[in-house]
Structures are given as structure tokens and as C-alpha cells.
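Trainee: I should like to go through the terms used for this model and the values behind them.
Mentor: Please put your questions in turn.

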Amino acid sequence: MPQVEVDQTLAVESAAAAYMFGYPLVLMDVTRAVMTHVPHTQGVGKAPVNQFTHVREFPDATFTDVVSPNADTLYSSAWFDLTEEPVVLSVPDSGGRYHLMPLLSAWTNVFACPGTRTTGNHGGHFALTGPRWSGELPEGVERIAAPTAMVWLIGRTQTNGKPDYEAVRRFQDGLTLTPLSAWGTDYTPPAETPLEAGVNTTVPPADQVAAMDGATFLQRLAALMMNNPPAEADAPALAQFVNIGLSPGAFQPDPAQADAIEAGVAAGKERLLAAMSQAGGTTPTGWKVLAGLGSYGTRYVLRALVAHFGLGAVLTDDAIYPTANVDGDGNPLDGANRYSIHFDAGQTPPAQAFWSLTMYNDRQYFIDNPLDRYAIGDRDQMAYNDDGSLDIWIQHESPGPDAEANWLPAPEGSFNVILRVYQPKPEMLDGSWLPPAITKQ
């Protein structure tokens, strides 16, 4: 009898660990299924596998499809299936425009990121090859070895307001995907693509995963691990999962473990939610900075956590997003008050590309305001002080005509802000530069 209790305890813990380990992979697959469940490209975020879809303009305050949208870059998205053959990503010359094309493995690690920081602005042809492919590539095509057959590209292209839309759209239209077997031909994607059976497009992917029972979740995880193999460093974790009959391609638990496995997966869900409240260290100035994103190694809790609240996070070398929902005294930000943020001369956010400060309400959406301004940053015509310092006014009511150039409109109630720093300089990466406190006036 005592041995049975030990086995059941081990099964509970193994199932909980397997949930945290496999959550990003299962969520990625459900997200892929939902986003590609169309016969052809259909508006924002919807396109068959191995085809692009583009965001052509910034959202406004009526947009509620995605939380924490940005007003800095226009997105280009594509899901790759590399099971059968490589796919060539062609990126045009950007004419000096900052862009990044992060490639996420099925485990949400960014394994490559063609773009301004890594490959420059001249463009190129990049063949994404799956984990089991071997062969030669055509001349002029650079290989990017993908660790998994499922890959998600979430491209971002710098966009300097509405007048810049047409130029960015021309760049987006130059982004193409070509199966290797069609390279060198006048390839066009199929006009109609068969739909995958059994896809639920009415329930958000995260809610679908949360609703899975333990057996369903672990069966899907096992199947996905066949074409999306875990990394070598994951061997100790996989050894633990053998306790519940889980391995790549197989989930065959002892029937006596059924209740323990359900309890373990339930515990894993609770651990993920508990980790949410502890995420990110708070700086002395009241900002939360979550570092080390985009490449997780064996940090399974962080990997699952980021997938849950920010699926698709990029490497910190490409962008860092400090967030604040309190002022310098630790009090919640509220539009009933007036605030400012002051940057000393030469101490604005250290970005090699650009930076912005974006306003969100308590539901993480943009704020309707008389300027239609949702973010402010170094690409705006702000007024600097005589000594070279900069003040940004954060409040609901206008600070007056003379100060509106530096005004970030806030809602009447609670709000938070995100400071986006694209291609941060070393002093931000190592933490020696911190955002100054938001000060109540």
C-alpha cells in the first residue's frame, strides 16, 4: 500500500511537470491551427501554412482582438510546415528601414532572426530546413536549420505613422515564401488550401488548452514531439515523464495512474497561474522588467509563463518591454491624477533602433483620445527642455496647447504603460540603465 501512494505521488508530480514543460508546444499548435484554418489569406492574421499575412495599418481604440497592441511596427506573420521539404524565405532590401523577422520554434524559442540587427537591411534568401532534412541548397540561398518542423515567423517592420504605410506595404509585399522544390520557378501559392479537420476557431487558443483534460493534453503533447523534438538538454525532463508513460510519439500510462495524471495536470495549470503573479522583477523606480525572453533553455516555468501571457516574445537583443502600473511611490496609476516622466539630457531610452511609450487601459487596449495618439517616442516631434532633458506628460486632460507635443493621453481610470525599446544598447541589456519613475504631479 505505501508503494502505491509513492507511485501516485510521483505520477502527480510528473504530470504537473509535463504540463509546464509541454504547455508552449501545445499552445503553439492550437494557435497555428486557428490562424491557418482558411482556404486562402483572409485579412489580418489568417493565412494557410507556408503563406504570409500582413497587418497593413495600426489598430485604433476600437481594436480588441489582441491585448497590448503596438503602434510602432506593422506585422507580417507566417506559419511554416517543414515536414516535407524546406521553405525559402525571401526578404527584400528595406532601404535602411529597421525590421526583424524572428523565427520561433514549436517550443517558442527564437532560433534565428533575419533583419537589421543580424543580416542587415539588404535582404536575402533563407531556406528554413526541418530537423530531419539533409541536402544541398541552391546558390545564393542561406540555410537556417530549424529545430522543429513547426515554425512561426512574426515579422515587425518599423512604421513612422500613417504617412509611412504605403512604403511599409511595399516592403511587406516583397516578403515571399517558396517551397524548395519550386525555387527558381514563377511560384504562386495555391488559390485554395484544404482545411484541417476538427479545428475550433471560435474559442481563443489559450482557452482551448486550459479546457483540455490531462489525457487529452498529454496525448497531443506526445504526438507533437515526434516532428518537433525536444532539445538534448531536455533529457532529464523526458526521463521523469517516463513515470507516466509519456515520450515523443507515445502516451501509454498505467490505467491505475489515471486519477493521479488528471490531478497532476490540474496542479500544473495552477502553478502556471501562480507564476503569473510573481513574474518580472520590479525596479526601484516602479517598472517591471522581464529579461531573458525568446531563448529559454531549461527554464520551463519562464517558457510556459511567457507563452501564456505573451506568445511570440522576441529576443531581448531585439527588444525589451519594461511595464509600469504604479508611480514612483508604488501607487497604482490612475487618470484622475497627472503624471510626468523625466529623462535627463542624454538619458532617453538607449535604443539603437527606436523607442516608444504606449498607453493602455486596465484591459490592455488603446485609449480613445482627441489626438488619436496611443504612443509617443523618439520618432515624434517632442519639445526638449533647454538643458536637453525631456518631459513626457501622462494625464487624461490636455496639458495645454504648448505642451501637447509631449502629451501621452490617459483614460479617466486605471492604466498602465509599456516602454518599448527596439534593439537596446548594452547599458539596457545589462541593467545599468533603468527607466525613471513615473512621478505624480
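Trainee: Why is threonine 108 called buried?
Mentor: Buried means under 20% relative accessible area, exposed over 50% and partly exposed in between (1.4 Å probe, protein chains only). Threonine 108 has a relative accessible area of 4%, so it counts as buried. This is a predicted model, in which local features need pLDDT of at least 70, side-chain atom pairs count only at pLDDT 80 or more, and totals for chains, interfaces and linings use all residues. Residues are numbered from 1 along each chain as its sequence is written, and side-chain values use heavy atoms, with hydrogens and water left out.

Trainee: Why is asparagine 50 called partly exposed?
Mentor: The relative accessibility of asparagine 50 is 22%, so the residue is classed as partly exposed.

Trainee: What makes the phi of threonine 108 worth stating?
Mentor: Threonine 108 is not a glycine, yet its phi is positive, at about 75 degrees. Asparagine 50, also a residue other than glycine, has a positive phi near 65 degrees.

Trainee: What makes a residue part of the lining of the largest cavity?
Mentor: On a 1 Å grid over the protein atoms alone, a cavity is a set of points where a 1.4 Å probe fits but cannot get out, and lining residues have an atom within 4 Å of a point. Threonine 108 is among the lining residues, as are Leu104 and Tyr296.

Trainee: How many cavities of 30 Å³ or more does the structure hold?
Mentor: The structure holds one. A volume is the space filled by probe spheres set on the points, which are joined across faces, edges and corners; the largest cavity has about 30 Å³ of space.

Definitions and conventions:
1 Å grid on protein atoms, 1.4 Å probe; cavity = no way out; pocket = protein on both sides within 12 Å on 5 of 7 lines; lining within 4 Å.
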